[in-house]
Amino acid sequence: MSIYNKILVVADINKEEQPALSRAMQLAAQSRSPSRVTFFLSIYDFSYDMTSMLSSDERDAMRRGVIGQREQWMQKVAQPYLNDNVEFEVKVVWHNRPYEAIIAEVFSGEHDIVIKGTRKHDVLESVIFTPTDWHLLRKCPSPVLLVKNETWPEDASILASVHVGSENDTHIGLNDEMVEQLKSLSERLGARPLLVNAYPVTPANITIELPEFDPTTYTDAVRGHHLTAMKALRQKHGFDEEQTIVEQGLPEDVIPDAAIKENAAMVIIGTTGRTGLSAVFIGNTAEHVIDKINCDVLALKPAGYISPLDPKTAI
């Protein structure tokens, strides 16, 4: 089954290079069915709405003029990335909150994925996520891919950060979804697929409070449980043992380390999003992992996730 055939790409107004558009076209070109890429921009200038000397019609005309200029610019910067086999369109809207405009377009256009470029700090050599990035990760109903580099590296891998130690239905469903996405993306991008799981260390306070407690036996049991669960997951989806990594430690340490060692160009993260207003929280573990990864990040929501910006639930 082909995924991501209706792709929404957020334009970076500050650069001529558009890594998100490059990645979108790369995915669309490898699709087995017709694909459409929408190059999207939300703009707003407070001064145009506060020009009291102009009439409403004149202000509207000024806004249309600005939108038209941006559309021409986007058509120009998009030219190097276009593919005759991929349907392409440019869309500019006037909105003072970019993330709300993007999510509204996801709902109205029924897009399969949002792809957006991230900012790289030239001195620290690390990715800096903007407030818009975090709002999308927390509230966008579709998968969100944050892209760092325009060029896909050679001999790259894609990691799926699965949570195999849990019997929670949400985690189980997210694991299956992440693995399916991993298989499709690895095929389309020519990458090595890997499943990564972190299991917890023995709590230090237990050994102090319970002298008879054997930490070695406990650790072996936990590791055994995670290895068995990982084996079940990989066999379910047709993966080999060599394509799995099970390490002791916190996910926010294990996943970024594995990404470096395996030359990961992308890490797939499942966010334990909630429904309703509580969906503004992405989950502490996922948020800490995302903040430490210096490569593309694909964030997936669980089945049944309801965005707080869903127009169907708006009061």
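In the predicted model, a polar atom of the Gln243 side chain is placed 2.8 Å from the backbone nitrogen of Asp240. Gln243 itself belongs to the loop that links helix H8 (215–237) to strand S10 (244–248). When residues up to four places away in sequence are set aside, the contacts of Gln243 are with Pro193, Leu194 and Leu195.

The strand that follows this loop, S10, is part of an open sheet of ten strands. The strand order is S3-S2-S1-S4-S7-S12-S11-S8-S9-S10, and the pairing is mixed. Strand S3 (87–94) and S10 form the edges, each being paired on one side only. On average, and with direction ignored, neighbouring strands of the sheet are turned by 20° against each other. Strands of a sheet pair through backbone hydrogen bonds, in either a parallel or an antiparallel manner. Strands S4 (residues 113–117) and S7 (residues 144–147) run parallel and are joined by four bridges. Within this pairing, Lys116 has Leu146 of S7 as its bridge partner.

Helices also pack on the sheet. Helix H5 (residues 131–139) lies across S4, S7 and strand S12 (296–300), and its direction is at about 160° to S4. Helix H9 (residues 251–261) touches strand S8 (157–161), strand S9 (192–199), S10 and strand S11 (264–270). The direction of H9 makes about 155° with that of S9.

Contacts between helices were examined next. Two packed helices are described by the angle between their axes and by the distance between the axes. For helix H4 (residues 98–109) and H5, the packing angle is about 40° and the axes are 9 Å apart. The two helices, H4 and H5, are therefore oblique to each other, and H4 passes H5 in a right-handed crossing. On the H4 side the contact is made by Pro98, Tyr99, Ile102 and Ile103, and on the H5 side by Thr132, His135, Leu136 and Lys139. Classified by residue type, the contact of H4 with H5 comprises five nonpolar, two polar and one charged residues.

A crossing of another kind is formed by helix H1 (residues 19–29) and helix H6 (residues 169–189), whose axes come within 9 Å and cross at roughly 95°. This angle makes H1 roughly perpendicular to H6. Arg23, Gln26, Leu27 and Ala28 of H1 make the contact with Leu185, Arg188 and Leu189 of H6. By class, four nonpolar, one polar and two charged residues take part in the contact of H1 with H6.

H6 also packs with H8, the helix that precedes the loop containing Gln243. The axes of H6 and H8 come within 11 Å and cross at roughly 50°. H6 and H8 are therefore oblique to each other, and the crossing in which H6 passes H8 is right-handed. From H6, the residues Asn175, Asp176, Val179, Glu180 and Lys183 meet Leu233, Lys236 and His237 of H8. The contact of H6 with H8 has two nonpolar, two polar and four charged residues.

Conventions. Residues numbered from 1 in each chain as written. Predicted model: local features only at pLDDT ≥ 70, side-chain atom pairs only at ≥ 80, totals over all residues. Heavy atoms only, no water. Polar contact = N/O pair within 3.5 Å; in protein donor to acceptor, adjacent residues only side chain to side chain. Contact = heavy atoms within 4.5 Å. Pairing = 2+ DSSP bridges. Axes fitted to C-alpha atoms, helices over the stretch in contact; angles between N-to-C directions. Parallel < 35°, antiparallel > 145°, perpendicular 65-115°, else oblique. Left-handed = near helix turned anticlockwise from the far one by under 90°. Nonpolar A, V, L, I, M, F, W, Y, C, P; charged D, E, K, R; others polar.
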